[in-house]
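Q: Please take a close look at one part of this protein, its largest nonpolar core. Which residues and elements build it?

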Amino acid sequence: MTTLLLSLLLALAQSALPGIRPLPAPLAVARWWDPPPTPYAAGHRGVDLSAPVGAEIRAVAAGRVHHAGPVAGRGVLSLALPNGLRTTYEPVRPLVAEGEQVRAGQVVAVLTDGSHCPGPCLHWGLLAGEVYLNPLGLLPRPTPRLLPADPHPADG
């Protein structure tokens, strides 16, 4: 029942949010969301997006800064969205302060060193209460495009 409710919440969130990418396109996923089977089990509670140190991080939706500062030695930014969801970004140097209202697409942080990836990356998370969801679900689905048929297929 909980999974059904969270799926419904995420579906409603998708329709209510503009779907701004936290980094410029194209997004390069270094590590995918891998939810744990139980709240305390191992897993990957977000996605890692490859980006250079110094990359500008944008708010994926309008909201209020929930937290902006260090957590366990890393810079973290957390935004509370009007639909009850919360997005997190790390490791970053926040450019906004707790309580501040932000616009969708506003530059809110800069990527710093200290990620858990082999190279620099942004760890982007999404929470509904204390439950982690896949943040890629906030983005609009890509539009499928058909490529033209090859007019000169290779001779086989």
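A: A residue is called buried here when its relative accessible area is under 20%. By that cut-off, buried residues make up 37% of the 156 residues in this predicted model.

Now the core itself. The largest nonpolar core holds 29 residues. Six of them touch the most other members: Ile57, Leu77, Leu79, Tyr89, Leu122 and Trp124. Five strands give two or more residues each to this core. They are S2 (47–50), S5 (74–80), S6 (85–90), S9 (107–111) and S10 (121–128). S10 gives the most, with four residues.

Take Leu79 as a close-up. Leave aside residues up to four places away in sequence. Leu79 then touches Ala59, Arg64, Val65, His66 and Val102. It also touches Leu85, Arg86, Thr87 and Tyr89. Tyr89 is itself among the core members that touch the most others.

Next, the setting. The protein has one helix and eleven strands. Along the sequence, the helix comes first and the strands follow. Many contacts span long stretches of chain: among those between residues at least 6 apart in sequence, 61% join residues at least 24 apart. On the outside, the protein exposes about 9,200 Å². Carbon and sulfur atoms supply 60% of that area.

Last, confidence. The mean pLDDT is 86, and 83% of the residues reach 70 or more. Residues 1–15 are another matter: pLDDT stays under 50 there. For that stretch, the model has 17 contacts beyond four places in sequence.

Note on methods
Residues are numbered from 1 along each chain as its sequence is written. This is a predicted model: local features need pLDDT of at least 70, side-chain atom pairs count only at pLDDT 80 or more; totals for chains, interfaces and linings use all residues. Side-chain values use heavy atoms; hydrogens and water are left out. A nonpolar core is a set of buried Ala, Val, Leu, Ile, Met, Phe, Trp, Tyr and Cys residues joined through side-chain atoms within 4.5 Å. Buried means under 20% relative accessible area, exposed over 50%, partly exposed in between (1.4 Å probe, protein chains only). Contact means heavy atoms within 4.5 Å. Accessible areas come from the Shrake-Rupley method with a 1.4 Å probe; for residues, only the protein chains shown count as cover. pLDDT is the predictor's confidence in each residue, from 0 to 100.
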